[in-house]
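Here are my notes on the model you sent, set out as numbered points. Please read them with the sequence and the coordinates open beside you.

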Amino acid sequence: MKYMKLGSKPDTFYTEQAVRSVVSDIPADLIIHVNNTKYQLHKFPLLLKCGLLQRLCSDTEADEQLPVPVALHDIPGGEEAFEICAKFCYGIAISISASNFVPAALAARFLRMTEHVAKGNLVSKLDTFFESCVLHGWRDSIAALQAAWRISGWSESRIVQPCVDSIVEKILLPPSQVAWSYTYTRPGYAKRPHQSVPKDWWTEDISELDIEVFRSVVSTVRATRMLPSPLIGEALHVYACKHLPDPLYTGGSANGHASQSQS
């Protein structure tokens, strides 16, 4: 998987008595609640990059001597995604990959970390990473698609549809142009020597997708009529073997013989 590193400062976030804070000589003047986590942070630099926090703090009538409280319980990705955004604001080093890109991107949009608020803001950097790295990688596209689907389904079309299109485009490549996925794990397959990429190289990997998005990928591939029907059937077979219960196992379990039949 490809990575993007942002920031250069060491990570100075720490936890004390269930409160997340950042090492600083300046007292915290911003209290942010994300689900069950309380953050003691600073208006500067967070307000410099977060349009939502700018608005929420300006709307708050509070004692200027006390930290401003803000609740962000509905931020996509929860605490982990919020911390990525907060660390970006502080200039703390963060690493973005397909595994955490989606919650980071959704949280950054939620916080309105756009170019309108500050040049070189997080949303634009994540968009560039998505277009130049995630969509160009096979495993990256699958990981991002799965994460986006599980967080918000088709409503997150800015991520889901481009990932579907990227995956379909790679499936339709001639095998000679494919950098074969190394996650092919069906029993016995690794024991057979292969000098070239097999035509069904993609079936195991897309079987990791949730049923709705898997169906979308396979239906799109089928509609192009560029692959033979048996190959589409192979993809369905692999998915069924991975996700549908084994009727022999189910029956054995009901009769109390499951452990013997699987041993």
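1. A18 sits in the loop that runs between β2 (13-16) and β3 (19-22), and in this predicted model its phi is near 65°, a positive value in a residue other than glycine. With a relative accessible area of 60%, A18 is exposed, because the cut-off for that class is over 50%.

2. A positive phi is also found at R112, where the angle is near 60° and the residue is again other than glycine. R112 belongs to the loop between α4 (98-110) and α5 (122-132), and, at 39% relative accessibility, it counts as partly exposed, since that class lies between the limits of under 20% for buried and over 50% for exposed.

3. The backbone deserves a look at F44 and P45 as well, which are joined by a cis peptide bond with an omega of about 25°. P45 is part of helix α1, which covers residues 43-49.

4. Helix α1 comes up again around helix α2 (residues 51-59), in which G51, L52, L53 and C57 are buried. The cover over these buried residues of α2 includes α1 and α4, together with the strands β4 (30-34) and β6 (68-71).

5. How do helices α9 and α10 pack against each other? Helix α9 (residues 211-224) and helix α10 (residues 229-243) have axes 10 Å apart and meet at an angle of about 170°; the two are therefore roughly antiparallel, the cut-off for that description being over 145 degrees. On the α9 side the contact is made by I211, F214, V218, V221 and R222, and on the α10 side by I232, A235, L236 and Y239. Sorted by type, the residues of this contact are eight nonpolar, no polar and one charged.

6. S207, in the loop between α8 (203-206) and α9, is buried, with a relative accessible area of 0%. If neighbours within four places in sequence are left aside, S207 is in contact with F214, V238, Y239, K242 and H243. Among these, F214 and Y239 also take part in the contact of α9 with α10, which makes this loop residue worth inspecting alongside the helix pair.

7. Is S97, in strand β7 (residues 94-97), buried or exposed? S97 is buried, with a relative accessible area of 4%, because buried requires a value under 20%. Its side chain is joined to that of S99 by a polar contact of 2.7 Å, and, not counting residues up to four places away in sequence, S97 touches K2, Y3 and F129.

8. For the protein taken as a whole, there are twelve helices and seven strands, and buried residues make up 43% of its 263 residues. Of the contacts with a separation of 6 or more, 64% are between residues 24 or more positions apart. The accessible surface comes to about 14,700 Å², and 54% of this surface belongs to carbon and sulfur atoms.

How values were computed
Residues numbered from 1 in each chain as written. Predicted model: local features only at pLDDT ≥ 70, side-chain atom pairs only at ≥ 80, totals over all residues. Heavy atoms only, no water. Helix = DSSP H or I, 4+ residues; strand = E, 2+ residues; numbered from the N terminus. Buried < 20%, exposed > 50% of the residue type's maximum accessible area, 1.4 Å probe, protein only. Contact = heavy atoms within 4.5 Å. Areas by Shrake-Rupley, 256 points an atom, 1.4 Å probe, with all protein chains shown as cover. Polar contact = N/O pair within 3.5 Å; in protein donor to acceptor, adjacent residues only side chain to side chain. Axes fitted to C-alpha atoms, helices over the stretch in contact; angles between N-to-C directions. Parallel < 35°, antiparallel > 145°, perpendicular 65-115°, else oblique. Nonpolar A, V, L, I, M, F, W, Y, C, P; charged D, E, K, R; others polar.
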